[in-house]
Amino acid sequence: MLPRPRVLLGSLLALSFVAVLVVQAYINAEFTSDHVRTEVGDQAGVPAHILKGGPIINTTGGQESTIRLPARTIALTFDDGPDPAWTPKVLDVLRKHDARGTFFVVGSQVARNPESARQIVDGGNELGLHTFTHPNMQRLAPWRRQLELSQTQMAIAKATGVRTNLARFPYSSRNAAIDEANWRLIKEAGALGYLVVVNDTDSEDWKRPGIDKIIQGATPPGGQSAVMLFHDAGGDRSQTVAALDEFIPLMKARGYRFTTITEGLNLSIAEQAARAGTDRLENTEALTPLPLNPAAPAHDEWRGLALIWTVDLADGMVTVIAGLFLVVGTLTVGRTLMLLLLATRHARQRRKPGWSWGPPVTEPVSVIVPAYNEKEGIEAAVRSLACGDHTEIEVVVVDDGSTDGTADIVDRMRMPNVRVVRVPNGGKPNALNTGVAMARHDLIVMVDGDTIFEPEALRLLVQPFADPTVGAVAGNVKVGNRETTVALWQHIEYVIGFNLDRRLYEVMNCMPTVPGAIGAFRRKALAQVGGVSDETLAEDTDVTMAMCRAGWRVVYEENARAWTEAPATLEQLYRQRYRWSYGTMQAMWKHRKSLFDSGPSGRFGRVGLPFLALFGVALPMLAPVVDIMLVYGLVFWELSETVAAWLGMLALQLFTAAVAFRLDRESYKPLLRLPLQQFAYRQLMYLVLLQSATTALTGGRLRWHKLNRAGLTPRTPSPEPPGPVVAPIVDTWPPSLDDRPPTPRGIGRAVAPPVVPTQAAPQDLHERL
């Protein structure tokens with residue numbers, strides 16, 4: 001259906017989009033299975049001196065040792081940051097009391113808040129790794145565990161220019177809680193050159209138990225040293241900040257000193273070396289004093305830059321999607337409320353007892369049927385038109401260079417009020433203008449060659465012309481071939497998306513389209529706007545907009561029904577809607593100057609065009625974010641909440657659909673397929689709009705696509721008629737009045753038409769479909 005380069009480009013864009021969403025889910029730690037605490041398991045394989053040792057664990061170079069801080073030494077450690085709001089407040093308290101701490105940071109937070117990370121280092125504090133997405137490391141594959149540490153190291157390198165030798169795993173606690181699974185993780189980290197830090201005391205500030213409880217939980221017993229656990233991110237940390245402001249001076253008054261982990265480690269190494277009288281320590285042979293915040297290698301900074309850009313891109317895209325989701329939700333709710341308010345108001349007005357357009361319109365009507373290779377449906381269409389119950393009907397079939405004998409079929413029907421005009425192929429607008437020029441009457445009805453009118457449809461369609469301000473009338477188009485799922489989906493769309501909208505547009509006096517399948521016009525109005533233009537592929541929308549700008553009212557007559565053959569395959573549907581949407585965009589662009597006009601043109605430009613652009617183009621193009629958020633939510637968010645949100649949107653659509661079907665007096669049964677339509681049909685319409693917009697923006701040209709027709713009713717075979725062709729062949733434009741064949745006065749319509757045996761009466765057809 002689409003040229004290969006566009007398919008490839010579209011696929012690449014879709015894959016890129018999905019990749020960014022997956023990255024966003026990763027950095028937001030939304031793979032929920034990775035973030036589950038595990039109970040302490042078997043500890044048989046963990047050395048006893050590790051379980052009873054100090055909070056700094058060294059497994060580098062094959063060692064298995066621990067170190068405690070010197071007596072009356074406290075190392076304040078903070079997990080889960082940096083946070084743009086709370087980390088600076090914690091740093092202010094440390095600076096106020098001349099204390100420093102160690103911040104075990106989450107890499108994704110560093111990428112999002114590099115300034116906060118720089119403030120930590122600039123204040124003389126140090127950084128440690130707390131993984132990139134805060135997962136439970138026991139649940140990850142080895143490559144993923146290494147990635148969590150290396151990505152955090154790169155983010156730190158770019159944000160601060162330093163690196164770190166310290167790591168702390170999420171959900172870890174004291175030495176006594178280390179089991180065999182965690183011990184394997186600690187040895188893996190040691191092989192990568194990291195010292196793993198646990199804690200001696202836990203303030204449990206994440207519970208927000210109150211300042212006193214936090215201080216009580218952090219205080220070490222009897223002058224012992226301690227690595228203390230606090231948090232500077234993950235929610236409201238006002239209690240943590242207040243507790244630190246009391247805790248630090250309280251501990252200093254008791255003779256404690258505050259250091260970073262590395263400073264305390266180096267003090268312990270120095271003290272043990274002094275006591276032993278040597279620089280070689282038992283169990284810590286390979287450990288030498290470590291530098292505080294050593295400089296990061298240049299290649300880590302470059303990799304960190306790419307990482308931060310990726311995080312920014314993913315965050316930005318999801319922010320945009322979330323914003324668009326709110327916009328789509330607001331527009332959808334707003335449109336629904338407007339439809340329910342104005343469309344039901346329109347319906348109530350029309351159904352009031354005694355309501356009418358005015359005196360009955362009995363003026364003769366000329367029906368123009370442009371036809372190009374319409375042999376499947378032309379006979380039924382012409383018969384339904386010529387046999388309508390209006391007082392006087394003239395049917396002008398303009399054969400636009402057909403090669404399948406369309407004109408011959410109409411000739412063989414030999415109906416007295418039907419004429420055939422043959423012209424070289426010049427397109428639908430040319431055929432319509434030719435028909436208008438050949439028509440004898442001032443009320444013009446334009447009909448597609450595959451459309452079947454109900455007996456009273458033509459009479460009802462022209463009744464609004466009793467109002468002299470009405471220049472055009474839109475009829476009620478029904479899908480006749482509802483046997484296939486694709487056609488049934490279109491039936492739902494016609495009732496909800498077209499007919500219900502036309503009620504709204506009439507009340508707002510900005511009807512953008514009189515459908516080509518069934519529409520009526522005053523000749524005077526057509527002449528005023530220059531006839532049917534061939535400058536766009538949506539000639540019906542183009543001429544309707546021109547009439548609105550000229551000050552004519554365009555109304556909707558719901559009781560004038562015509563049955564059309566909808567595309568039966570997705571490919572045919574795609575081609576039709578591609579032309580429709582592209583043509584509509586062309587018409588909107590053509591009439592853009594009305595935005596700055598005065599009078600009726602300005603009113604249409606400032607009401608009709610924005611409304612159509614917002615709800616006819618922008619909303620359908622933005623609607624995919626609803627499906628994107630649904631899929632994203634099903635994979636990464638709470639399943640129940642996501643399903644509930646989607647069901648809410650579906651309920652709103654079903655309610656709107658039910659109102660539309662009730663107003664159109666249609667059976668509700670097709671609405672059972674509406675949920676399925678959301679997963680297939682709607683996605684196709686997204687692609688149509690996207691390709692149409694791309695074609696319009698790039699200045700591409702789209703040719704007319706002829707749809708394959710099967711016909712709503714079988715065609716009646718007839719023998720070749722004797723004698724010459726009834727209508728003359730018109731090879732020039734415009735035709736002269738002398739070329740019009742004379743018609744006996746008093747003949748308005750066929751009074752005794754031949755019966756089509758295989759065609760049900762229109763009302764029976766309606767009931768059957």
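Reader: Which residues of helix H8 (residues 211–218) are buried, and within what arc do they fall when seen down the axis of H8?

Author: In this predicted model, the buried residues of helix H8 are Ile214, Ile215 and Ala218. They line one face of the helix, because the directions towards them, seen down the axis of H8, fall within an arc of 95°.

Reader: What covers the buried residues of H8, and which exposed residues does the face turned away from the buried side carry?

Author: The cover over the buried residues of H8 includes strand S8 (201–202), strand S9 (226–231) and H9. The face turned away from that buried side carries exposed residues, and these are Asp212, Lys213 and Gln216.

Reader: Helix H3 (residues 86–96) also has buried residues; within what arc do they fall?

Author: The buried residues of H3 are Trp86, Thr87, Val90, Leu91, Val93 and Leu94. Seen down the axis of H3, they line one face of the helix, since the arc within which they fall is 160°.

Reader: What do the buried residues of H3 pack against, and which residues are exposed on the other side?

Author: The buried residues of H3 pack against two strands and two helices, namely strand S3 (73–79), strand S4 (102–105), helix H5 (114–122) and helix H9 (238–253). On the other side of H3, the exposed residues are Arg95 and Lys96.

Reader: Which residue with a positive phi follows H3?

Author: H3 is followed by a residue whose phi is positive, with a value near 55°. That residue is Asp98.

Reader: Are the residues on the two faces of strand S14 (residues 443–446) buried or exposed?

Author: In a regular strand the side chains alternate between the two faces of the sheet. In S14, Leu443 and Val445 lie on one side, while Ile444 and Met446 lie on the other. Both faces of S14 are covered, and these four residues are all buried.

Reader: Which strands are joined to S14 by four bridges, and which residues stand opposite Met446 and Val445?

Author: Strand S11 (residues 365–371) runs parallel to S14 and is joined to it by four bridges, whereas strand S17 (residues 519–522), also joined to S14 by four bridges, runs antiparallel to it. On the S11 side, the residue opposite Met446 is Ile368. On the S17 side, the residue opposite Val445 is Ala520.

Reader: Which residues touch the most other members of the largest nonpolar core, and which helix gives the most to this core?

Author: The largest nonpolar core has 73 residues, and those touching the most other members are Ile368, Met446, Phe521, Leu526 and Met547. The helix that gives the most to this core, with nine residues, is H16 (residues 485–508).

Reader: Which residues is Leu526 in contact with, leaving aside its neighbours within four places in sequence?

Author: Leu526 is one of the residues that touch the most other members of the largest nonpolar core. With its neighbours within four places left aside, the contacts of Leu526 are Val436, Ile444, Met446, Phe521, Gly531, Val543 and Met547.

Reader: How many residues are in the second, separate core?

Author: The second core is separate, and among its members are Leu76, Val110, Val121 and Ala155. The number of residues in this second core is 57.

Reader: Where is Gly124, and what is its relative accessible area?

Author: Gly124 is placed in the loop between H5 and strand S5 (126–129). Residues up to four places away in sequence not being counted, Gly124 touches Arg100, Thr260 and Leu292. Gly124 is partly exposed, and its relative accessible area is 23%.

Note on methods: Residues are numbered from 1 along each chain as its sequence is written. This is a predicted model: local features need pLDDT of at least 70, side-chain atom pairs count only at pLDDT 80 or more; totals for chains, interfaces and linings use all residues. Side-chain values use heavy atoms; hydrogens and water are left out. Buried means under 20% relative accessible area, exposed over 50%, partly exposed in between (1.4 Å probe, protein chains only). The arc is that of the directions from the helix axis to the C-beta atoms. Contact means heavy atoms within 4.5 Å. A nonpolar core is a set of buried Ala, Val, Leu, Ile, Met, Phe, Trp, Tyr and Cys residues joined through side-chain atoms within 4.5 Å. Two strands pair if DSSP finds at least two bridges between them.
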